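Colleague: Please take a close look at one part of this model. I would like the contact surface between two domains described in full, and then set beside the contact between the chains.

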Amino acid sequence: MKPVSFRYFAPRTVDQALELLATHGGEGKILAGGQSLVPAMNFRLARPASLIDINRIDSLDYVREDGGELRIGALARHARFEGPVAGGALGAFLPRVARHIGHLPIRTRGTFCGSIAHADPASEWCLLAATLDAGFLVVSRRGRRNVRPNEYFVGALTTILEPDELLTEIRLPLLGEDWRTGFAEFSRRAGDFALAMCAAFLRFEDDRIVEARIGLGGATDRPSRIAAAEALLTGSEGAPDIFREAGNIAAETIDPLEDIHASAEYRRDLVRAMVARALDQASAR
Amino acid sequence: MSLIGRSVKRLEDRPLLTGSGRFAADITVPGMLYMRIVRSPVAFGRLAGLRIAEALAHPGAVAVWTAEDVADIPPIGFRMTLVPGLEPYRQPILADGHVRFVGEPVAAVFAADPYTAEDIADLVAPEIEPLAPCLHPAAPPREYAPGRSTEATVIAKAYGDLDAAFAGAHAVVVLELTIGRHSGVPLETRGAIAVPEADSGILRLYGAAKVPHYNRQALAAMLGLPLDRIHLHEGHVGGGFGIRGELYPEDVLTCAAVMRLGRPVKWIEDRYEHLVAANQSRGSVHRVRAAVDEHGLIVGLDDEFWFDQGAYLRTHGVVVADLTCAMLPGPYVIPAYRSVGHVRLTNKTPCGTYRAPGRFEASFVRERLVDAIADRLGLDPIVVRRRNFIAKTAMPFRREFSALGTEIVYDTGDYAGLLGKFLNRVGWETLRADVARRRQAGEMIGLGLGFFVEKSGLGPFDDVRITLGGDGAIEVITGAASVGQGVETVMAQICADGLGTGLDHIRVIHGQTDRIARGMGAFASRVTVMTGAAVTIAAAKLRDRLLAEAGRLLQTAPDRLAVIGDRVVVCDAPSGPSLDLAAIARSAGGELTADATFTAEHMTYPYGVHLAQVRIERDSCAITVERFFVGYDVGRAVNPMLVEGQIAGGAAQGIGASLLEEFVHDASGQPQSVTLADYLMPTISEIPTIEVALFEDAPTPLNPLGVKGAGEAGIAAAGAAIAAAVDDALGRPGAVRQLPITPNRLHALLAELPAEQH
Ligand SMILES: Cc1cc2nc3c(=O)[nH]c(=O)nc-3n(C[C@H](O)[C@H](O)[C@H](O)COP(=O)(O)OP(=O)(O)OC[C@H]3O[C@@H](n4cnc5c(N)ncnc54)[C@H](O)[C@@H]3O)c2cc1C
């Protein structure tokens, strides 16, 4: 459990990092919090020839509100979201999600953007980004692009990021006070990766749901929204029965992952449960 | 005031809490080589060859060994087994001819640093022709090696007329039960640091634990070393649980490397290695049936089981199966009995003992069976237990067979008495009412209980030497070992109590083969019983010598003198003349010493009860242990806080074993639980406060203190209690037939339940 040897670079600016990525990106890797990359290196599953450590690029260390969005820089750690970082419904929602990510030592190092780059199917932040249709700001020496989730996530641990690209920022909509939110996750122990989780966002007008976003994570190879369930809820008053029905739709729509902790059938039922729970929570707020 | 029975804080904690502990990985000496083991990637196959040329060509390679290089070293032998004919199942230190489990050592690489060693290990290419693995212990046996069956042996223990019991039974209750494969998983992985001592020619092995004296002998014999040329040293140990400290191939390889390469050699196991190569345990399938009369009295018990031994028989031989057979009857009379255990070789990591070997399994099976009997006859499970308990007046109670080479004679016990007191202490009626109320409100919640008899204090002997030095220091040299359980504190308490001194100047030595000639080490909940008894005797002797010498100096009869703190005073004149202990030692020629040996032919049998309250979430299949109680009669608690600590730690492992922990393999025999993200140990979030009720109603006459062991009490019946609680929460007696009860399994179980019960 010792990594193979590698070259190590610690750029101070984004430009230096992009320069290094252009040169070494092919066989190299960006090191952010190291909470996914370093274990993989210790197992020798990852054998990067170079590490480009972005932890000294101070300009990437921010979380700020800007024009109705929350902008999250590449060095914002998970732990930061356990405290208040923003107003609005999103600001209240983030701490409720953050505490589900691993354990405190992991949260004090691991980064929001690192999770998005790593794209674990059970990443809370990936789920959130997919559900809220986040903006992904990706830069390289070749230029910059702003990518949307449906394009960004390709599969388990796979995204459209090219080896020379740096994900510098994620943008999330702040969500007005008319949004209500719910989050439910099941993992075998506190801090384990989710076997299934659901993030639910409902916007009410005159006691009716006028907009619904229901995202699933942990159950399939990448986070996804359940359009049919969202459509079902839109226009309804949001009663427990219809929430159960939304859960059933989600459960029947997906192609669940299977592993030693959960059979496909169990995962399907977990999805049913997590969707209903998240919606119950959202409607109660 | 006596120091026995006081919850003195642990003397060994200062270095641990201040970060100055010395664990195996902390030991580094100049010029050291690092060993890396190349392990089999397949579960079963013919090892056609090993390509090592590329590895040897690496500039950092000091040596690369395969089986050929260690052909003169025999396989690792048995430390504890009386069953003959098992030698063909021993593990060679490097795989020879066949590989038999994923993780089996096939080559050893030596280099100047662990990174290079791992780089070189990557270059070793084993050529393996895969064979179909054997994964299920209850599948029909097949050929292990030419002329050898995968059924290594069958252990059987029986007494009474079983046929008559079943022929005349009012009812027969039958169960098939499965226990998952799990293990101790100490947080400190194994380690071995072998160092040649230039001047003396002595080879010193650091990183030893549990049984250093036995391992010293075994290593000397295997390596052809005179016994005085090898010593083992135990440092701080980050958990043992039965699996750490046994002699493994890696220990032998580091020592052999020192002898051949002439340099110190260090090996530190990584977590992956630990989860595939260190001993595992427990995996078994039981088919059990009970013949009962109409009152629920068990008139006959018949059990057959298949133990998943893994790929080889290791140091423990077939002890786990032996203990399972022996401890299955537990606290109940059971006039006719038979247990037949098939020890089956499979292509998985080999097994050894893990905390409460045989008892965790046996208690699960027996207590499941008692619950099933109660259900069948419509009786209260507690009533059925009471009816079957061995009476207090029947003690000592002899079972008609032996285990671990000793006859099983329960020394003392009042099982019904303990159960009654325990239920009072936990407020049983209130608990039940509470659960009923919450169930009424729609929650799935249940209570379950398991009773158990433990064994502890395995002999045959322990030696102790206590020396009072001219500087006033008191050294207690033992042949015990400490895997973190508080040996230093407890021995110091017993010593101080016997001498009349305080704890300040006492130093307890353990696990050092160059300090005492013999030692049995730490296993089988034996140290406080056996070593403690030897300390009691040695301390009394030393006190006599001390008082005799002081009497001479003070010209007073020794029986008028007493030790108080670090002085000897005259009893009826406390403010009169007195002597410093150190001065007495100096006048006696520099030091005063007493040796003692305690021997025991019989073990002592503590007992107790576990009670779990669990909650199930119907929609997610989550199972939460809300409360966990342990009632235990330890005979006499030298340090109640440490006993409770042992029980709490054991209970945590018991909860893990019942709900979370399992080594899972795929159809090709690949282990699936090779990180701590997949082998799920319980964390503080999964463990409620363990509520312990200690009793001292049945001290043993077998040792001077009356103590029984406490190391394994916390885990023994945890599986039984949690299974019963889950049944109760489901409202379906007998639903749980397999441990661990994972959410995945509960999901499948719920799918079988009739809809109205959901
Ligand atoms: C025990 C444990 C439990 C965990 N539990 C959870 C959990 O419950 N939920 C969860 O979501 N996560 C969990 N994690 C993972 C953790 O959240 C990681 O921190 C996260 O997945 C990766 O973030 P990082 O900053 O550590 O990235 P790193 O490990 O440094 O990098 C991960 C990958 O992303 C790439 N990368 C990182 N940053 C960028 C960037 N800005 N641009 C382009 N590529 C980049 C790296 O090159 C690497 O390939 C757990 C980890 C551990 C060890």
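Modeller: What follows is an account of one domain interface, then of the chain interface. The model is a predicted one.

The part in question lies in chain B, which is divided into domain 1 (24–132 + 189–237 + 244–277), domain 2 (284–457 + 603–757) and domain 3 (459–599). I take the interface of domain 1 of chain B and domain 3 of chain B. The C-alpha centres of these two domains are 39 Å apart. Contact involves 15 residues of domain 1 of chain B and 18 residues of domain 3 of chain B. Between them an area of about 1200 Å² is buried, and carbon and sulfur atoms give 51% of it. On the domain 1 side, the residues that lose the most area to domain 3 of chain B are Lys210(B), His213(B) and Glu234(B), which together make up 51% of what that side buries.

The polar side of this interface comes next. One salt bridge is found by the rule across the interface of domain 1 of chain B and domain 3 of chain B. A salt bridge joins the side chains of Arg204(B) and Asp514(B), at 3.1 Å from N to O. Polar contacts across the interface of these two domains amount to 11 residue pairs, both residues at pLDDT 80 or more. As for secondary structure, α5 (212–223) and β13 (230–234) of chain B each supply at least two residues of the side of domain 1 that touches domain 3. Of the elements on that side, β13(B) gives the most, with five residues. By class, the domain 1 side has seven nonpolar, three polar and five charged residues.

Now the chain interface. Here 24 residues of chain A are in contact with 32 residues of chain B. The area buried between chain A and chain B is about 2300 Å², with 55% given by carbon and sulfur atoms. Six salt bridges are counted between the two chains. Arg44(A) forms a salt bridge with Asp122(B), where the closest N and O atoms are 2.8 Å apart. Residue pairs in polar contact between chain A and chain B number 18, both residues at pLDDT 80 or more. Helix α10 (residues 264–284) of chain A provides the largest share of the side of chain A that touches chain B, seven residues. That side of chain A has 12 nonpolar, three polar and nine charged residues.

Conventions:
Residues are numbered from 1 along each chain as its sequence is written. Chains are lettered from A and ligands numbered from 1 in the order in which they are written. This is a predicted model: local features need pLDDT of at least 70, side-chain atom pairs count only at pLDDT 80 or more; totals for chains, interfaces and linings use all residues. Side-chain values use heavy atoms; hydrogens and water are left out. Domain bounds come from an automatic or database domain assignment. Contact means heavy atoms within 4.5 Å. Buried area is the accessible area (1.4 Å probe) that two parts lose on being put together, summed over both. A salt bridge is a side-chain nitrogen of Lys or Arg within 4 Å of a carboxyl oxygen of Asp or Glu. A polar contact is a pair of N or O atoms within 3.5 Å; within protein, one must be able to donate a hydrogen and the other to accept it, and residues adjacent in sequence count only if both atoms are side-chain atoms. Helices (H or I, at least four residues) and strands (E, at least two) are DSSP runs, numbered from the N terminus. Ala, Val, Leu, Ile, Met, Phe, Trp, Tyr, Cys and Pro count as nonpolar, Asp, Glu, Lys and Arg as charged, and the others, Gly among them, as polar.
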